[in-house]
Amino acid sequence: MTDLSKYRNIGIFAHVDAGKTTTTERILKLTGKIHKIGEVHDGESTTDFMEQEAERGITIQSAAVSCFWNDHRFNVIDTPGHVDFTVEVYRSLKVLDGGIGVFCGSGGVEPQSETNWRYANESEVARIIFVNKLDRMGADFLRVVKQTQDVLAANPLVMVLPIGIEDEFTGVVDLLTRKAWVWDETGQAENYTIEDIPADMVDKVEEYREMLIETAVEQDDDLMMAYMDGEEPSIEDIKRCIRQGTRTMAFFPTYCGSAFKNKGMQLLLDAVVDYLPNPVEVDPQPLTDEEGNETGEHALVSTEETFKALAFKIMDDRFGALTFVRIYSGKIKKGDTILNSATGKTERVGRMVEMQADERNELDSAQAGDIIAIVGMKNVQTGHTLCDVKDPCTLEAMVFPEPVISIAVAPKDKGGSEKMGIAIGKMIAEDPSFRVETDEDSGETILKGMGELHLDIKVDILKRTYGVDLIVGEPQVAYRETITKVTEDSYTHKKQSGGSGQFGKIDYVIRPGEQNSGFTFSSSVVGGNVPKEFWPAVEKGFASMMQTGTVAGFPVLDVELELVDGAFHAVDSSAIAFEIAAKGAFRQSMPKAGAQLLEPIMNVDVFSPEDNVGDVIGDLNRRRGMIKDQMAGVTGVRIKADVPLSEMFGYIGSLRTMTSGRGQFSMEFAHYAPCPNSVAEKVIAEVKEREANK
C-alpha cells in the first residue's frame, strides 16, 4: 500500500493512570488486531508486556502497534505517563505526525499531561483530546475542557457531548450529525444504537454546535462570510476546516467516553482518520550539518526521494537488538545496504519487521511514512540518521535531559561483573537518559537516571531479565559548582630541566556565565603576546578542568574565560605548555572567584485530599520547598512547589502516611540553584569522608 494519505502515525500520551494503555487496547480490539481485551489492572494488556509493567500497572517503555480502520493504516505508539520515563514520550513525539492526549474525566489535567503537552507543542504535533473515564465518580467533561484552556493554554473544540455522567453515562451526542450514540450495558463496543438526541439536551447541543461551526469556519474566509450571511456550511466543508485547524494546531477536536466500558471509541477512531494529518501533510523534518545546525534542506515525505530515516528507539529482546525506525522518505528492501551518517559506517538490512507490541510480522520492504523495526543493526544509537549510501544526510537529532540522581552498585557475586557490564551496555543503548560511569578511585559502578523510580526499575531489570543481583548504595544527588565573582588573574607555567624547557604565561579574566551556558572562551589578546595558535590550547586546558570543581570535585557550570594578555618564549613555548598553564590557572583562580556548590531543584507537583493540605505544605516547607501555586479540584488540591532533590528521597512514603494513602506526586528537574551554607558544608564533609575511606 503506497497511498500515504491513508497513513496515520499517532501516539497516545497522558498522565499516569489516565487510561492511555486501556485506550490503546480498545483501538486494537475495534480494529480487529486482538480478539480478547487484556486489562491493565490484571497485568494483561498487549502493549505493557514487560514484567515490571504488568506488576506495577504502569507503562515504562513506549510500544508500537499497527492496525487498520476504515481502510486507513494506523501506526500507534502507547507511551508511558510517569515523569521518570518522559524520554520515551519525547522520542515518540519526535517521529509521530499526530497524537491523542488522554485526560481523566475526574482527575482532569494532571502534572504529567502538562509536560507531555509541552513536549507535543515543541514537536508541533497535531492532537485530538480524549476525555476518558466519564463513568467514574466526580467525572465532569466540561470542567476538564475548561482546564485544558486554563492550564495548557489549549483551544479545545468540543465535538461531542456526554449523555449522562458518572454511573449514568450511556453514550455521546455527535454535534456535527446531531445524532446520539448510545451503548448498552454489555460493555461490548459494537453494541450501540444511533438515535435522536435526548429531549433535555437539544438546546445544549445547538449551543455547542454553533460554537463548533463558528470556530471551524474561521479557517476559510469564504465559508465564514457565507455563514455570517446565514448560510450553514455542509458537513464536508466543516470537516475540511476542522482538519485544517487541527493540522495547524489552531484548535484540538475534543471527544469523550469511557475506554474501559468501550463507549465513545468509534468516534475517536473516525476523528483520527478525519482530522489528524497523514505523513505528507506534516512539515518535513529539517536536515542538519555535523554540528547540528539546520542546513535549510528538508527530508520530503515521498517514496520518490532517496532513503532517509531516523532511529528513535533501540530495544533488546530474545531475538537480538531491534532498532525502531521512522522512514521519512524513500523505500527500503530486505538486503539493502544503508549508511549510518552519525558513524559513517554502512549496515546491511537483514530482517525488517512490523511490530505488534512484543510480537512481529516479517516484512520484505517498507516506505516513507512507515514505522518499522530492523533486526540486528550493529552500531546504531537513538537519534542516528539512516540514509542512502549515495546521498548522505543528517536529520535533526534528539536532545535528552541530563540525569539528576545516581546510585553506586556492585554485583553480589564475583562472577557477576562481566554479566553486569554486558547487560548495562544493552540498557544504555535502549534508554538515552540512563547513564553509567565507573569511579576511577573506588572502582564502583555508578548508575545515573531521572529519578528514584527510574533507577529502581533499572535495578529490577538487571536482576530479573539479566540475572544480575546487585548491592545498591544510597542515592546520590548530582551536585554542580559555579563561580559568583569576576576575577582577574595571571598564571605562569615555567619548567627548565636541561634541554628545551616549557614556558607559557597567561593573563585572564574569569566571570560567571549565563545560566546553562556551560563553558565559553574568548580572547582579546592584541600584539601577539600569546600567538593565536596557542589560544585553542588555553581553551582546551581550562575546559578539561570543568569536570572537577575545586569545592567538592563536582562538574562546573556557567563560566566565561577571557584571555587578555600573556607572554611566550620563542623556543620553550608550546601548545602543551599553555594547556598546562590553563589547568594551573583553573586551580588557582576558582576559589578566588567565589566558587560555590549548586543543587538540583525539582518541579514538584503534589495531589492531596483537602483535609491534608496543611500537613503536606508544612512538610514541603520543612524540605526547603518554595510553594508556587495551589489549585483546588473536585477531588482534592494540587500543590506546585520547587524543592531540592536531596530533600525528596523517600517522599512517597511520607506523603502516603500524611494522606492515608490517597496522595500522589510527580517531579521533574527544573534548574540548579546555590546550596545554603549549612547544606554545602555537609555535602563537602561527606565527599571528604568518602575520599578518606577509599
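# A tour of salt bridges, strands and loops

Start by selecting Lys 179 and Asp 196, whose side chains meet in a salt bridge with an N to O distance of 3.2 Å. Lys 179 belongs to strand E9 (residues 179-183), while Asp 196 sits in the loop between strand E10 (192-195) and H6, so this pair ties together parts that are 17 residues apart in sequence. Keep in mind that the model on the screen is predicted.

Now show the surface around these two residues. Lys 179 is partly exposed, with a relative accessible area of 33%. Asp 196 reaches 58% relative accessibility and counts as exposed, because the cut-off for that word is over 50%.

**Helix H6**

Next, select residues 202-217, which make up helix H6. Two of its residues are worth a stop. Lys 204 lies in this helix and is partly exposed, at a relative accessible area of 39%. Add Leu 161 to the selection and draw a line between the two C-alpha atoms: Lys 204 and Leu 161 are 43 residues apart in sequence, and 8.8 Å separates them in space.

The second stop is Glu 210, also in helix H6. Its relative accessible area is 44%, which means that Glu 210 is partly exposed. Which residues form a negative surface patch with Glu 210? Select Asp 203, Glu 207, Glu 214 and Glu 218 together with Glu 210, and the patch is complete.

**More salt bridges**

How many salt bridges does a search of the whole structure find? The count is 29. A few of them can be visited one at a time.

Go to Asp 364 and Lys 334, where the side chains meet in a salt bridge of 3.8 Å, N to O. This pair links distant parts of the chain, 30 residues apart: Asp 364 is in the loop between strand E20 (359-363) and strand E21 (365-367), and Lys 334 is in the loop between strand E16 (331-333) and strand E17 (337-340). Asp 364 is exposed, with a relative accessible area of 56%, whereas Lys 334 is partly exposed, at 41%.

Then select helix H13, residues 575-589. Glu 579 and Lys 583 both lie in this helix, and 4 residues, about one turn of the helix, separate them. They form a salt bridge in which the closest N and O atoms are 3.9 Å apart. Is Glu 579 buried or exposed? At 13% relative accessibility, Glu 579 counts as buried, because the limit for buried is under 20%. Its partner Lys 583 has 27% relative accessibility and counts as partly exposed.

One further stop has three residues. Select Asp 220, Asp 237 and Arg 240, which are linked in a network of salt bridges.

**Strands E30 to E33**

Switch to a cartoon view and colour strand E30 (residues 487-495) and strand E31 (residues 502-512). These strands run antiparallel and are joined by 9 bridges. For one example, pick Glu 488 and look across to E31, where its bridge partner is Val 509.

Now add strand E33, residues 559-567. E31 pairs with E33 in the antiparallel sense, over 8 bridges. Two positions show the pairing. Tyr 508 stands opposite Leu 563 in E33, and Lys 505 has Ala 567 of E33 as its bridge partner.

Add strand E32, residues 519-523, as well. In which sense do E32 and E33 pair, parallel or antiparallel? They pair in the parallel sense, over 5 bridges. Pick Thr 520 to see a bridge partner in E33, namely Glu 560.

**Two loops with positive phi**

The last stops concern backbone angles. Select Asp 71, in the loop between strand E2 (63-69) and strand E3 (72-78). What is the phi of Asp 71 near? The angle is near 70°, a positive value in a residue other than glycine.

Finish at Arg 624, in the loop between helix H14 (613-622) and strand E35 (626-632). Arg 624 is not a glycine, yet it has a positive phi of about 65°. With the surface switched on again, Arg 624 counts as partly exposed, at 27% relative accessibility.

Key
Residues are numbered from 1 along each chain as its sequence is written. This is a predicted model: local features need pLDDT of at least 70, side-chain atom pairs count only at pLDDT 80 or more; totals for chains, interfaces and linings use all residues. Side-chain values use heavy atoms; hydrogens and water are left out. Patches are made of residues with over 30% relative accessible area and no salt bridge: like charges are joined within 9 Å, nonpolar side chains (Val, Leu, Ile, Met, Phe, Trp, Tyr) within 5 Å. Accessible areas come from the Shrake-Rupley method with a 1.4 Å probe; for residues, only the protein chains shown count as cover. A salt bridge is a side-chain nitrogen of Lys or Arg within 4 Å of a carboxyl oxygen of Asp or Glu. Lys and Arg count as positive and Asp and Glu as negative; His and the chain ends are not counted. The place of a charge is taken as NZ of Lys, CZ of Arg, CG of Asp or CD of Glu. Buried means under 20% relative accessible area, exposed over 50%, partly exposed in between (1.4 Å probe, protein chains only). Two strands pair if DSSP finds at least two bridges between them.
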